Amino acid sequence: MQIYIDRVNICNVVQFIAFYKYCCSLLQLPFIHEGIILNQIKQYGLESRTLNRVPRHTMCAVAVLVAFSLAACGGKDKKPGQSLASVDGEEITVLQLNEELQRANVQAAQQAAASKQILESLIDRQLLLNAAVKEKLDRDPKVVQEVERAKALVVAQAYMQKHLTAPTKPTREEVEKYYHDNPVFFSQRKLFDLRQLLLATRDLDDAMRAEIDKARSLDDVGVQLDARQIKYARGQAARSTADLPPELSAKLQVMAKGQLFIVREGERSLVMTIAEVKDNPISLEVAAPQIEQFLLNLRNKEAASAEIKRLRAAAKIEMLQKDTTQAAAAPAASAASAASTAENGAGARAVEGLK
């Protein structure tokens, strides 16, 4: 493709627009309304009275530039899909609505009613986004960091979904083996009826521990807490040996009814006692779907770990700071705590028998 500049003579706006359309036809770009072209000319500082004083090659270059810039501006904000609503000029499309319906796992019979609610929520979200952008919150360093983190997680997950094949379904023999290998979760499962007092860990000092150690019941502990004006809340819970981590479950099974013990959970602590213990077995038929899903999740985790190990082996990883203890002490502690909680649930709790 060639634009024959030597044959072009641009000395007024009409000729400029004509040459602009000529450029669009050669470059296969859409035409833009002439009023917009005039505004673009003003942005380049080219008034109609000065066009005849601009060198020919310069005007041709400007015309090509205007063609590209107007074509880009005309479609940069256009979202794919049929528009359902517009919020201060920002469109909400059918594609966005369908994606939200899919994420919410809405059944076909409920989509009509759910679509209205989800569309309203999309409008609310766009209003908040517009307001945030107006206040330039999208440029806040913390916000930018969180956006980049979310983007990295989504892209990494997409990679895993693409490269990891679906794990094979566990066989009946594998399900049965897991069931029989873990009787405390199933055939010998027990249910603990617990009573508890919830208080701040900072209030559980040595003196208060000594009073709890001498107490014979939760009521006695409550009297001591009232005397010290320590705030607490009463509660009760039912936990099975399948819900609890093995260490805690083993300790509870050998405790006598009424025995007091403490469970520490970070900034809060629970003074607890066992009110009753019941046998609560689960048959293989009932447990089989749960075991199957657990084994599938385990295989997914193992496959992901293997892929990460392969990528690590193929990559060149350099630690730029030898001592990262001080630089990442707080984030590492937070990450370790979150990982421990996610993996072990209540296993992150510290248990302390008192009587």
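## A buried glutamate in strand β5

E265 counts as buried because its relative accessible area is 18%, and the cut-off for a buried residue is under 20%. In this predicted model, E265 is found in strand β5, and its side chain is joined to the side chain of R268 by a polar contact of 2.7 Å.

## Overall make-up and confidence

The protein contains twelve helices and seven strands, and of its 355 residues 27% count as buried. When contacts with a separation of 6 or more are considered, 68% of them are accounted for by residues that lie 24 or more positions apart.

The average pLDDT of the protein is 78, and 68% of the residues score at least 70. Confidence is highest in helix α7, which covers residues 172-181 and has a mean of 96, and lowest in helix α12, which covers residues 329-344 and has a mean of 45. Two stretches deserve a careful reading: over residues 46-51 the pLDDT is below 50, and this stretch has 13 contacts in the model beyond near neighbours in sequence. Over residues 334-355 the pLDDT is also below 50, and here the model shows 33 contacts beyond near neighbours in sequence.

## The nonpolar core

In soluble globular proteins, nonpolar side chains tend to be buried together. The largest nonpolar core of this model has 13 residues, of which I212, V221, L225 and V271 touch the most other members. Two or more residues of this core come from each of the elements β3 (190-200), α8 (206-214), α9 (218-227) and β5 (260-265), and the element that gives the most is α9, with three residues.

Which residues does L225 touch, if those up to four places away in sequence are not counted? With that restriction, the residues that L225 touches are L197, L199, M208, I230 and Y232.

## The aromatic cluster

Four aromatic pairs are found in the structure. In one of them, Y179 and F186 are stacked, with 5.2 Å from centre to centre and 25° between the planes, and both Y179 and F186 are buried. Another pair joins F185 and F186 in an edge-to-face arrangement, with 6.2 Å from centre to centre and 90° between the planes.

F186 counts as buried because its relative accessibility is 7%. The residues Y178, Y179, F185, F186 and F294 form one aromatic cluster, so a reader who follows F186 through the model will meet a residue that takes part in both the stacked pair with Y179 and the edge-to-face pair with F185.## Helix α5 and its packing

Helix α5 spans residues 111-134 and has 24 residues; from its first C-alpha to its last it reaches 33 Å, which is close to the 34 Å expected at 1.5 Å a residue. The buried residues in α5 are A114, S115, I118, L119, L122, I123, Q126 and N130, and the buried residues of this helix pack against β1 (83-87), β2 (90-93) and α4 (94-103).

## Two loop residues with positive phi

Most residues other than glycine have a negative phi. Where in the model does N105 lie? N105 is found in the loop between α4 and α5, and its phi is near 55°, a positive value in a residue other than glycine. N105 counts as exposed because its relative accessibility is 58%, and the cut-off for an exposed residue is over 50%.

K136 follows helix α5 and lies in the loop between α5 and α6 (141-163). Although K136 is not a glycine, its phi is positive, at about 60°. K136 is exposed, since its relative accessible area is 51%.

## An exposed lysine before strand β5

K257 lies in the loop between α10 (246-254) and β5. Is K257 buried or exposed? K257 is exposed, because its relative accessible area is 57%.

In sequence K257 and L194 are 63 residues apart, while in space their C-alpha atoms are 9.7 Å apart. Leaving aside residues up to four places away in sequence, K257 touches I274, A275, E276 and V277.

Key: Residues are numbered from 1 along each chain as its sequence is written. This is a predicted model: local features need pLDDT of at least 70, side-chain atom pairs count only at pLDDT 80 or more; totals for chains, interfaces and linings use all residues. Side-chain values use heavy atoms; hydrogens and water are left out. pLDDT is the predictor's confidence in each residue, from 0 to 100. Helices (H or I, at least four residues) and strands (E, at least two) are DSSP runs, numbered from the N terminus. Contact means heavy atoms within 4.5 Å. Rings of Phe, Tyr and Trp (its six-membered ring) pair if their centres lie within 6.5 Å; planes under 30 degrees apart count as stacked, over 60 as edge-to-face and the rest as tilted. Buried means under 20% relative accessible area, exposed over 50%, partly exposed in between (1.4 Å probe, protein chains only). A nonpolar core is a set of buried Ala, Val, Leu, Ile, Met, Phe, Trp, Tyr and Cys residues joined through side-chain atoms within 4.5 Å. The expected span of a helix is 1.5 Å times one less than its number of residues. A polar contact is a pair of N or O atoms within 3.5 Å; within protein, one must be able to donate a hydrogen and the other to accept it, and residues adjacent in sequence count only if both atoms are side-chain atoms.
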